[in-house]
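Trainee: I have a model open on my screen and would like to learn how to read it. Could you walk me through it?

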Amino acid sequence: MRVLCTTHGSPSHGRAQLPLLRALAKAGHQVQVVTNDDLAAVFADDDVQVTPALPEFDPMARLGPYVAELQKIDDMNERMAELGRLMQRTLAGESIKPTLDILLPLARDFRPDVILRDGMDMAAVLTAEALGVPQLPTPSGFSNIMDPAQVLPELNNRRAELGLTMHEDPLSIVPHGRVDYVPSAFSFAQHLPKSWAYRQTVDVERRAVLPEWAAELPTDRPLVYAAIGTALPMLHHRKSDEPSAPLPMEFPDPTESLGLILGAVAELEDCTVVVSTSGIPVDTAGVPAHVRVVERVPQPLLLESVDLFITHGGFNSIREAMRTGTPLAVLPHFGDQHGNADRVEALGLGRHLTDRSAAGIAAACRELLADPAPRARARAARLAMLTLPEIEHAVGDLEGIAG
């Protein structure tokens, strides 16, 4: 079987695909990943062909006509929610044509039996329809908030341009379902149908081990871990590297968020805290001894021993915490993260941190650590995830879909 996989967005999108692609390659199937230069390194250690041919994915560039209206919304949370809605409407807009012009010829040459696509990739939907092969989105946060009815009008416009059949059913975007690592009872998808669900793995990064200092962390007190993911730091670094091309609208400042988190965890004197900065420079002067600040740490491994995870609410991070039964304190920034934070709270897995002050974050963390209910619910999520088939089972399912 020949499998074409597309990836754009942030490194977390690619890391969500790795277990599936590894299982396919191990089973002897040929896998080609089409991505951009920034994300090619995610797949460097794996037995897949990587073609970094796609342009840099810049959803913000599609929002030019709406930026002025977005900037009139003073509340950051409301602005980010509206941003998500607008992005859905522009996903299949004319701006996908450069990606489609690259992807479709590559796919015709490769002749895939099935396409696994980034959840935001509408060019891959059109490519699959043009080739007459099935396609499925892989796990991503945007798939959770995407309403196919918002995407359908522009998608049909692109179908008409290509001479493809137009559809009235919004779910024509996922005719063969979707891949997920979360059981249906704990699904975060708001509009998409039941998934092909497989067990979330803690083994994502090859040869990953915790640093030696982890073995020396005190174990007679709660261990709290805090991280802000990869997407927001990517935007921050892009703005720093290209100051002449600023982002079209203001985004949360990761340096400010990390400062609030450090201020909050400094108050958790009866805990041990590890804070991952994702490479964002922060002022560590005055950070107390119970707080260790690092650039990066193998997150899925550390979560196996964590009592509370302070997170931005990216879907990868939430799934990894569910897999290890770790309660969540979610401090969302943009995109799907606000919806994820609400879903975490609705499922009883933790709290959506609406008080973003250091004191508010610290108070919520104390309450979560003292409350047995989130731990019990997180344990239930972990048990439910362990009932899912292992990722290798996906190989046979995809073979069946491909025919």
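Mentor: We will go from a sheet to a core and then to two single residues. Please keep in mind that this is a predicted model.

Trainee: Let's begin with the sheet. In what order do the strands of the open five-stranded sheet lie?

Mentor: The order is 3-2-1-4-5, and the pairing is parallel. Strand 1 (residues 2-6) is joined to strand 2 (residues 30-34) by five bridges, and Leu 4 faces Gln 32 across that pair. On its way to strand 4, strand 1 makes three parallel bridges, with Val 3 opposite Val 114.

Trainee: Why is one side of strand 3 and of strand 5 left without a neighbour in the sheet?

Mentor: Strand 3 (49-51) and strand 5 are the edges, and each has a single partner strand, so one side of each has no neighbour in the sheet. As for twist, neighbouring strands are turned by 20° against each other on average, if direction is ignored.

Trainee: Now strand 4. Are its two faces covered or open?

Mentor: Start with the general idea: side chains in a regular strand alternate between the two faces of the sheet. Here, strand 4 (residues 114-117) has Val 114 and Leu 116 on one side, with Ile 115 and Arg 117 on the other. All four are buried, and both faces are covered.

Trainee: How many bridges link strand 4 to strand 5, and in which sense do they pair?

Mentor: Three bridges, in the parallel sense, with strand 5 covering residues 135-137. Ile 115 stands opposite Gln 135 there. Between the two strands the chain passes through helix 5 (residues 122-131), and this β-α-β crossover is right-handed.

Trainee: Which strands does helix 5 lie across?

Mentor: Strand 1, strand 4 and strand 5, and helix 5 runs at about 170° to strand 4.

Trainee: On to the cores. Which residues have the most contacts inside the largest nonpolar core?

Mentor: They are Met 122, Met 146, Val 151, Leu 155 and Ile 173, in a core of 35 residues. Helix 5 gives the largest share, six residues. Helix 3 (76-90), helix 4 (97-110), helix 6 (141-145) and helix 7 (148-162) also give two or more residues each. Follow Met 122 as an example: leaving aside residues up to four places away in sequence, its contacts include Leu 91, Ile 96, Arg 117 and Met 146. There is also a second, separate core of 30 residues, and among them are Leu 217, Leu 223, Leu 302 and Met 385.

Trainee: Let's try single residues. Where is Ala 130, and what is its relative accessible area?

Mentor: Ala 130 belongs to helix 5. Its relative accessible area is 32%, so Ala 130 is partly exposed, since that class lies between 20% and 50%. Not counting residues up to four places away in sequence, Ala 130 touches Leu 104 and Leu 164. Ala 130 and Leu 104 are 26 residues apart in sequence, yet their C-alpha atoms are 8.2 Å apart in space.

Trainee: And Gln 200: buried or exposed?

Mentor: Buried, because its relative accessible area is 3% and the cut-off for buried is under 20%. Gln 200 sits in the loop between strand 7 (196-197) and strand 8 (223-227).

Trainee: What does the side chain of Gln 200 join in a polar contact?

Mentor: The side chain of Arg 319, at 2.8 Å. Beyond four places in sequence, Gln 200 also touches Tyr 181, Glu 320, Arg 323 and Met 385.

Key. Residues numbered from 1 in each chain as written. Predicted model: local features only at pLDDT ≥ 70, side-chain atom pairs only at ≥ 80, totals over all residues. Heavy atoms only, no water. Buried < 20%, exposed > 50% of the residue type's maximum accessible area, 1.4 Å probe, protein only. Pairing = 2+ DSSP bridges. Right-handed = clockwise from strand over helix to strand, strands pointing away. Axes fitted to C-alpha atoms, helices over the stretch in contact; angles between N-to-C directions. Contact = heavy atoms within 4.5 Å. Core = buried A, V, L, I, M, F, W, Y, C linked by side-chain atoms within 4.5 Å. Polar contact = N/O pair within 3.5 Å; in protein donor to acceptor, adjacent residues only side chain to side chain.
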